[in-house]
Amino acid sequence: LDGDSDDPHAACAPECAFRLHDDAVASLAFFSEDERRFAATASADGTVRVWPADFSTAHMLEAAHDAPTRVVGAAFCRRTKSGPETDRAGLVVVTATSDGAVGCLDLSDKRYAFLTTSPSPSTRAGARAVTSVRHSRYGQIVCAACDDGAARGWDANTGALVFVCKETFDVSDRDPATSVCFQPFRDENADENARDVRDVWAKSHRLVLAVGHASGAVRVFSLFSPNSANENEKEIGRGHRETQLLCALVAEVTDAHAPGAAVDALAFAGRGAKKNKTLFSAARDGTLCAIENETENERERFR
């Protein structure tokens, strides 16, 4: 802050500026564990780069795509890596591109591989954002917001499609998904040393996923295994039955932002009893909306 100003809200003067890419930076992610601290950036120049978290040196690793492909999102995640002698967890940066490819940049092997080259078998829909979550029952999941309006999740180890979330599968309804966010949860039964994370069951068998759309709408889905669904949930489950997880639409907010103001960012937060219960959405009309779950029952409407 400016030392000559008594205003606690005075503008901060930047100490330095970094030139990270040759075009717009679309995504920034950080990872911190013990002494390891990294940053990852995705850019419209078609590259994803990994840096020291303080950007003190040049980028450590890069994956590049041919023009005009843009890398629209990047996020850190772990995935189980099986070898002939031992199993170990590897740190990767998952990416999503404008032409729909979802890939993983392995920090230890320094290799880039695609999980999928198209999010939808029937369309060449692109992607807008990417995130990941680890669950002791479902493993490490990579999720992308897709141009055809769906949010899709893949197994980070095998590339298998795990779920498809969309309000309607009418091909004429194309409200692109622009952002995705999993609700944080405490996976009490997770065992970091388990050889197969799918052999360990979490206390909660559900995941909650928020999806923002280009129309300004925000939708919240509950993801669950067919084995844990009751009959009512099976009736409203949306997605492809051949995937590992079914999904149910549990909340839909269509008036949070101005019509046509794309929702570019989502985050679960909150304090005390409402920790991680409030969903914040930020849109291109400059508004920030707080959406609260009214009860402990995730099937209640959000407001």
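Two strands count as paired here if DSSP finds at least two bridges between them. With that in hand, welcome to this predicted model. Two features make a good starting point: an open sheet of four strands, and the largest pocket, with a volume of about 790 Å³.

**The four-stranded sheet**

- The strands follow the order S1-S2-S3-S4, and their pairing is antiparallel.
- At the edges you will find strand S1 (25-33) and strand S4 (61-64), each of which pairs on one side only.
- On average, neighbouring strands of this sheet are turned by 15° against each other, with direction ignored.
- As general background, strands of a sheet pair through backbone hydrogen bonds, either parallel or antiparallel.

**A closer look at S2 and S3**

- Strand S2 covers residues 36-43 and strand S3 covers residues 47-52; the two run antiparallel and are joined by five bridges.
- To find your way between these strands, look for Phe-38, which stands opposite Pro-52 in S3.

**The largest pocket**

- The lining of this pocket is made up of 38 residues, and the closest to the pocket's centre are Ser-27, Ala-129, Val-130, Val-180 and Asp-264.
- Several strands each supply at least two residues of the lining: S1, strand S5 (71-82), strand S9 (127-135), strand S13 (177-182) and strand S17 (263-269).
- S9 gives the most to the lining, with eight residues.
- Sorted by class, the lining has 23 nonpolar, eight polar and seven charged residues.

**Where the two topics meet**

- S1 is worth finding in the viewer: this strand is an edge strand of the sheet, and S1 also supplies at least two residues of the lining of the largest pocket.

Methods. Residues are numbered from 1 along each chain as its sequence is written. This is a predicted model: local features need pLDDT of at least 70, side-chain atom pairs count only at pLDDT 80 or more; totals for chains, interfaces and linings use all residues. Side-chain values use heavy atoms; hydrogens and water are left out. Axes are lines fitted to C-alpha atoms, for helices over the stretch in contact, and angles run from 0 to 180 degrees between N-to-C directions. On a 1 Å grid over the protein atoms alone, a cavity is a set of points where a 1.4 Å probe fits but cannot get out, and a pocket is an open set with protein on both sides within 12 Å along at least five of seven lines; lining residues have an atom within 4 Å of a point. Grid points are joined across faces, edges and corners, and a volume is the space filled by probe spheres set on the points. Ala, Val, Leu, Ile, Met, Phe, Trp, Tyr, Cys and Pro count as nonpolar, Asp, Glu, Lys and Arg as charged, and the others, Gly among them, as polar.
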